[in-house]
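Work through the exercises below with the sequence and the structure side by side, and try each task before reading its solution.

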Amino acid sequence: MGPQAVYQDDNARPHRARVVNDFLQQSGVNRMEWPACSPDRNPIENLWDELDRKVRSSHPPPRDVQHLYQMLQAEWQALPQRIFTTLVNSMRTRCVECQNSRGGYTHF
């Protein structure tokens, strides 16, 4: 990641647990300030949704955790590069809308 990297999370409880905070602090990881309860502004949520839809529509469905893990890895590898490019390119608009709505609802 490098010394200029900034970690972003959505303030979910697991991301803010003491053990996580201690690890990030000891590791020298900078954390981005991010509005609470705002996963809709984080483009990774769009990728999780895409993976969820792909796995839920698969036949047969995953038979156990190991099979689910394998399916998720395969579907992640199959995601077209254009999805990642579109999400990265949407960040400026996402941030502007977040600022304009003062942390409230956006269409993302």
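Helices, as the word is used here, are DSSP runs of type H or I with at least four residues, and they are numbered from the N terminus. The model is a predicted one, and every value below is computed from it.

**Exercise 1. Charged pairs along helix H2**

Task: Find which residue forms a salt bridge with Asp52, and explain how the two are placed in helix H2.

Solution. Begin with the general principle that side chains of opposite charge can pair when their charged atoms come close. A salt bridge requires a side-chain nitrogen of Lys or Arg within 4 Å of a carboxyl oxygen of Asp or Glu. Asp52 meets this cut-off with Arg56, since their closest N and O atoms are 2.7 Å apart. As for placement, Asp52 and Arg56 are four residues apart in helix H2, and so they are separated by about one helical turn. The general rule behind this step is that an α-helix has 3.6 residues a turn, so residues three or four places apart point the same way. Finally, consider the surroundings: Asp52 is partly exposed at a relative accessible area of 33%, whereas Arg56 counts as exposed at 65%.

**Exercise 2. A network of salt bridges**

Task: Salt bridges that share partners join certain residues into one network; state which residues belong to it, and describe two of the salt bridges.

Solution. The search of the whole structure finds four salt bridges, and those that share partners join Asp49, Glu50, Arg53 and Lys54 into one network. In one of them Arg53 pairs with Asp49, with the closest N and O atoms 3.0 Å apart. Because Arg53 and Asp49 lie four residues apart in helix H2, which covers residues 44-56, about one helical turn separates them. Another salt bridge joins Glu50 to Lys54, where the closest N and O atoms are 3.8 Å apart, and Glu50 and Lys54 are likewise four residues apart in helix H2.

The next step is accessibility, for which under 20% relative accessible area means buried. Glu50, at 18%, is therefore buried, while Lys54 is partly exposed at 34%. Arg53 is partly exposed at 45%, and Asp49 is partly exposed at 38%.

**Exercise 3. The start and span of helix H3**

Task: Compare the span of helix H3 with the expected one, and say which side chain reaches a backbone nitrogen at the start of H3.

Solution. Helix H3 comprises residues 65-78, 14 residues in total, and its first and last C-alpha atoms are 20 Å apart, close to the 20 Å expected at 1.5 Å a residue. At the start of H3, a side-chain oxygen of Asp64 comes to within 3.2 Å of the backbone nitrogen of Gln66.

**Exercise 4. The aromatic rings**

Task: Identify which rings are linked into a cluster by ring pairs, and classify each pair by its geometry.

Solution. A search of the whole structure gives two aromatic pairs. Trp48 and Trp76 form a tilted pair, with 6.0 Å centre to centre and 40° between the planes. This pair links distant parts of the chain, for Trp48 lies in helix H2 and Trp76 in helix H3, 28 residues apart. Trp48 is partly exposed at 45% relative accessible area, and Trp76 also counts as partly exposed, at 30%. Trp76 and Phe84 form an edge-to-face pair, at 5.5 Å centre to centre and 75° between the planes; Phe84 is partly exposed at 22%. The ring pairs thus link Trp48, Trp76 and Phe84 into a cluster.

Methods. Residues are numbered from 1 along each chain as its sequence is written. This is a predicted model: local features need pLDDT of at least 70, side-chain atom pairs count only at pLDDT 80 or more; totals for chains, interfaces and linings use all residues. Side-chain values use heavy atoms; hydrogens and water are left out. Buried means under 20% relative accessible area, exposed over 50%, partly exposed in between (1.4 Å probe, protein chains only). The expected span of a helix is 1.5 Å times one less than its number of residues. A polar contact is a pair of N or O atoms within 3.5 Å; within protein, one must be able to donate a hydrogen and the other to accept it, and residues adjacent in sequence count only if both atoms are side-chain atoms. Rings of Phe, Tyr and Trp (its six-membered ring) pair if their centres lie within 6.5 Å; planes under 30 degrees apart count as stacked, over 60 as edge-to-face and the rest as tilted.
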